[in-house]
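Dear colleague,

I am passing on the structure we spoke about, and I would be glad if you could read the notes below alongside it.

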Amino acid sequence: MTSFAGEYAGRRVFVTGHTGFKGAWLTAWLLRLGAEVCGYSIDIPTSPSLFEQCGLEANIGHHVGDIRDTDHMSRVIAAFRPEVVIHMAAQAVVSASYTDPLDTISVNVLGTASVLQALRSVTWPCAAVIVASDKCYENVEQIWGYREIDALGGKDVYSASKGAAEIVFGSFARSFFASGDGPVRLASARAGNVIGGGDWAKDRIVADCIRAWSQGEMVNLRRPHSVRPWQHVLEPLSGYLTLAAALRTRPQLSGQSFNFGPAPDRPRPVMELLTDLAKAYGHPRLDQAFRQLPEPPFPEAGLLTLNCEKARIELGWAAALNFAETVQMTGDWYRKETATPAAALQLVNDQIQAYEDMHNAREIIQ
Ligand SMILES: NC(=O)c1ccc[n+]([C@@H]2O[C@H](COP(=O)([O-])OP(=O)(O)OC[C@H]3O[C@@H](n4cnc5c(N)ncnc54)[C@H](O)[C@@H]3O)[C@@H](O)[C@H]2O)c1
């Protein structure tokens, strides 16, 4: 089950974006599963950084490079000969897409095209998961969750870059990897907003809160009533690992896209997330935790949810955590890390173990 039945023990896994928030959690999880990890990222994007806090560099092949440098990345891939590729490198901060829209389009669209181009020179069996976002859908603010067959789009540049990357993925899949008969099988994975310990990115709501609360300050909320498919970072990561394992044995999955979102539940607005997070973090005064900005600095979608039936039916994957558990785990991590920063890796490993236990108990992943 969630230990993936030995699927990753001794497996060579190439991860782009391994120094980011999701990348650090994924790297730590893969190492626990016994995989050999080779990471490729342009930088260590934050300070502090979960990747550094956990000391992950010492236990992997750590490569600094730009995913748009196809030749360099191809050489790293050829030397490592990965059996699994998980492409997560991106300009993944929405506010930065307003500051430098061309960079966001370049990294997310051309960067994904470059990874796909590099995969064309792979001549050995390899399963690749291209990580996308729930924001790739044309958001019509509907109450129903988006399905994989819904229209792609993007009203803002970050969303458009993710929608465009998905179109590029589909075109490469059909043009160069059709039928899954070749050595490379690939699928894309669309996940919602993730939260969890160790996200230190700028302008991400949980990271902003922890930074402010640890200094005794209030947080300015852009859109307290916006609803997002909040999920713990381990949920989509379990989806990516499940999808890559399935691709290895089921060629018919190649070229497809899958949503990985939270369990169907009442959609939760930012305000509810933060009230519960403040309690889990141990904030002494909830009335001092946040306030609403009079004017949001940039437009953002109000409502966005995902339908994950396809992942459940085709992959046997479903989210393991409910909203309360998701927020509690996140608050716990930051509260304990604030008290003992050196315990970051232990906290990550403890939460991965707890997550695997919950998956086992709920018999979600076959
Ligand atoms: N965090 C979320 O809520 C969320 C939600 C949905 C989808 N995603 C997607 O998941 C993936 C990972 O997100 P994250 O939150 O870990 O992001 P992050 O910002 O924490 O990390 C980004 C990573 O990409 C690397 N990177 C950026 N530009 C690069 C380039 N040109 N070449 C090589 N590496 C580069 C960075 O060094 C870093 O390792 C992204 O594709 C993101 O769009 C994230």
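The notes below cover the ligand shell, the nonpolar core and one helix residue.

This is a predicted model, in which local features need pLDDT of at least 70 and side-chain atom pairs count only at pLDDT 80 or more, while totals for chains, interfaces and linings use all residues. Residues are numbered from 1 along each chain as its sequence is written.

The ligand is surrounded by 28 residues, of which G17, G20, K22, A89 and A90 are the closest (a residue counts as near if its C-beta atom, placed from the backbone, lies within 6 Å). By class, the shell holds 14 nonpolar, 10 polar and 4 charged residues, where Ala, Val, Leu, Ile, Met, Phe, Trp, Tyr, Cys and Pro count as nonpolar, Asp, Glu, Lys and Arg as charged, and the others, Gly among them, as polar. At least two shell residues come from each of α1 (21–32), α5 (101–119) and β5 (126–133), and α1 gives the most, with 3; helices (H or I, at least four residues) and strands (E, at least two) are DSSP runs, numbered from the N terminus.

The largest nonpolar core (buried Ala, Val, Leu, Ile, Met, Phe, Trp, Tyr and Cys residues joined through C-beta atoms within 7 Å) has 109 residues, among which I86, V129, A189 and L243 touch the most other members. Helix α6 (residues 157–176) gives the most to this core, with 9 residues.

T112, in helix α5, is buried because 29 other C-beta atoms lie within 10 Å, the cut-off being 20 or more, with 12 or fewer for exposed and partly exposed in between.

Best regards
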